[in-house]
Amino acid sequence: MSFPIRLRSSVIRGFGRGSRELGIPTANLSREEIGENVFDSLSPGIYYGLACIEGRTNVFKAAVSIGYNPTYGNDEKTCEPHLISQPDSEYRTSSSCGETQLEDFYGEVLRLSIIGHIRDELPFESVEKLVDAIKNDIKVTETRCDEETPLKAEEEKWCLSTD
């Protein structure tokens, strides 16, 4: 898989587990809007990248889960980025597990640029272990997205563009 992978989709309702059970909300993307061929070609795993909501000026770091959520045994493949606010943001620690909690933006268009791979998708024996792994993925995302690279700069521009 080569990077970046650029996706554009309306935010749709998912299973509701990210916010409700895990305390780490995700912006679920539409398989149909991404395109079946592109969606099917995405390898299951945990990725990092950048994202923005079209029409807004904030670019967020994003920890991205692509796959079947094996801890829950899903049959349906999903693409679920967790948008990460800056450390000093009021949204940063407002979720139940101390991660970013933004307002709902269902129906709005998200531009997501996946710029790297963190790990393969894994099943966990408990929700607590899954939350610990996701928190670590968020830390890895922050560290890797803090690195100034030409790719990062280019993808920040793409996220904010209207093309």
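This report describes the fold, one long-range helix, selected residues, ring interactions and cysteines of a predicted model.

## Basis of the model

Local features are given where pLDDT is at least 70, side-chain atom pairs count only at pLDDT 80 or more, and totals for chains, interfaces and linings use all residues. Residues are numbered from 1 along each chain as its sequence is written, and side-chain values use heavy atoms, with hydrogens and water left out.

## Overall architecture

The protein has five helices and six strands. Both are DSSP runs numbered from the N terminus: helices are H or I with at least four residues, and strands are E with at least two. In order from the N terminus, the elements read β-α-β-α-α-β-β-β-β-α-α.

Of the 163 residues in the protein, 48% are buried. Here buried means under 20% relative accessible area, exposed means over 50%, and partly exposed lies in between, with a 1.4 Å probe and protein chains only. The accessible surface amounts to about 8400 Å², and carbon and sulfur atoms hold 47% of this surface. Areas come from the Shrake-Rupley method with a 1.4 Å probe; for residues, only the protein chains shown count as cover. Among contacts with a separation of 6 or more (contact: heavy atoms within 4.5 Å), 68% join residues 24 or more positions apart.

## The N-terminal segment

Proline 4 lies in the segment before β1 (5–12). The peptide bond leading to proline 4 from phenylalanine 3 is cis, with omega near 5 degrees.

## Helix α4

Helix α4 covers residues 127–146, 20 residues in total. From first to last C-alpha the helix reaches 28 Å, close to the 28 Å expected at 1.5 Å a residue; the expected span is 1.5 Å times one less than the number of residues. Its buried residues are Leu130, Val131, Ala133, Ile134, Asp137, Ile138, Thr141, Glu142 and Cys145.

Isoleucine 134, in this helix, has a relative accessible area of 19% and counts as buried. Apart from neighbours within four places in sequence, isoleucine 134 is in contact with Leu22 and Ile24. The C-alpha atoms of isoleucine 134 and alanine 63 are 8.4 Å apart, with their positions 71 residues apart in sequence.

## Isoleucine 118 in strand β6

Isoleucine 118 belongs to strand β6 (residues 109–119) and is buried because its relative accessible area is 17%. Beyond its neighbours within four places in sequence, isoleucine 118 is in contact with Ile46, Tyr47, Tyr48, Asp137, Val140, Thr141 and Arg144. For one of these, threonine 141, the C-alpha to C-alpha separation from isoleucine 118 is 8.0 Å, at 23 residues along the chain.

## Charges over rings

Two arginines are placed over aromatic rings, where NZ of Lys or CZ of Arg must be within 6 Å of the ring centre and within 35 degrees of the ring normal. The charged end of arginine 13 sits over the ring of tyrosine 106, 3.9 Å from the centre. Arginine 111 has its charged end over the ring of tryptophan 158, at 4.2 Å from the centre.

## Cysteines

The model has zero disulfides, a disulfide being a pair of cysteine sulfur atoms within 2.5 Å. Cysteine 145 is in no disulfide; the nearest cysteine sulfur belongs to cysteine 159 and is 9.9 Å away. Cysteine 145 is buried, with a relative accessible area of 1%. Cysteine 79 is also buried, at 0% relative accessibility.
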